[in-house]
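Visitor: Hello! Could you walk me through this structure, one question at a time?

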Amino acid sequence: MRILVVEDEPTLSAQLSEALGQAGYLVDSAADGGRAHYLGEVETYDLVVLDLGLPVMDGLTVLKKWRAAGLGMPVLILTARDNWHEKVAGIDAGADDYLTKPFHMEELLARLRALLRRQSAHTSAQWRCGPIMLDTRQARVTVDGQALSLTSHEFKVLAVLMQRAGEVVSRAELNEHIYAQDQDRDSNTIEVFIGRLRKKLPPDTIETVRGLGYRLARTE
Ligand code: CA
């Protein structure tokens, strides 16, 4: 497994390289966004750990450029504490998970293992709910045959709701499906994703069940 560590603080970067190396990963590191962007484009990585505050080019821009270029490797972003806007921006830009600084190395390793598991656990099912068709293997959604543009987290939220169409799914359950481990989760982020999905899906597709969660209307 080959991993790219993008971190500009020398001490933290060295700690990350050492811990990941001991865990059996092949580690490349970059200390600025320009170098990171270049390495991501020319090398093949199984995972990327990406700090957002970087010299030359910030982490969010690096991530957006990779995703725009069709690079889909799992990316875990490192964010500042108490900044949920930054988390939402990172997730929107295509991050698969985030960790707030400071963090325990064991937690980072657990998150990375979970990302790799999820990456390889794709099933081949196609789910249909009324006009909505979700292809879990291609991570693709269509409504009446028209492709829908969703971020990876919007897709995950919709996938959970579709898998359990007609049932109420709590915000906590949605959180569990989106993030790998227990953490200082922001319930705000689920509301943000639901709000965005509602704008993209036919009206009244996602119902709010007060105090309980959300339900996808089952339409046959
Ligand atoms: Ca930094």
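Visitor: Is Asp51 buried or exposed?
Guide: Happy to help, and keep in mind that this is a predicted model. A residue under 20% relative accessible area counts as buried. Asp51 has 5% relative accessibility, so Asp51 is buried.

Visitor: And how does Asp8 count at 29% relative accessibility?
Guide: The class between buried and exposed runs from 20% to 50%. Asp8, at 29%, falls in that class, so Asp8 counts as partly exposed.

Visitor: Which residues coordinate the calcium ion?
Guide: Look for donors at 2.2 to 2.4 Å from the calcium ion. Along the chain these donors follow the spacing D-x42-D-x1-G. Two give OD atoms and one gives an O atom: they are Asp8, Asp51 and Gly53.

Visitor: How many residues apart in sequence are the parts that Asp8 and Asp51 tie together?
Guide: Asp8 sits in the loop between β1 and α1, while Asp51 belongs to strand β3. The pair therefore ties together parts whose separation in sequence is 43 residues.

Visitor: Which strands stand at the edges of the open sheet?
Guide: The sheet has 4 strands in the order β6-β7-β8-β9, with antiparallel pairing. An edge strand has a single partner, so one of its sides is left without a neighbour in the sheet. That describes β6 (126-129) and β9 (146-148).

Visitor: What stands opposite Ile132 in β8?
Guide: Strands β7 and β8 run antiparallel and are joined by 4 bridges. Strand β7 covers residues 132-135 and β8 covers residues 140-143. Opposite Ile132 you will find Val143.

Definitions and conventions. Residues numbered from 1 in each chain as written. Predicted model: local features only at pLDDT ≥ 70, side-chain atom pairs only at ≥ 80, totals over all residues. Heavy atoms only, no water. Pairing = 2+ DSSP bridges. Helix = DSSP H or I, 4+ residues; strand = E, 2+ residues; numbered from the N terminus. Donors = N, O, S within 2.8 Å, 3.2 Å for Na, K, Ca; no water. Buried < 20%, exposed > 50% of the residue type's maximum accessible area, 1.4 Å probe, protein only.
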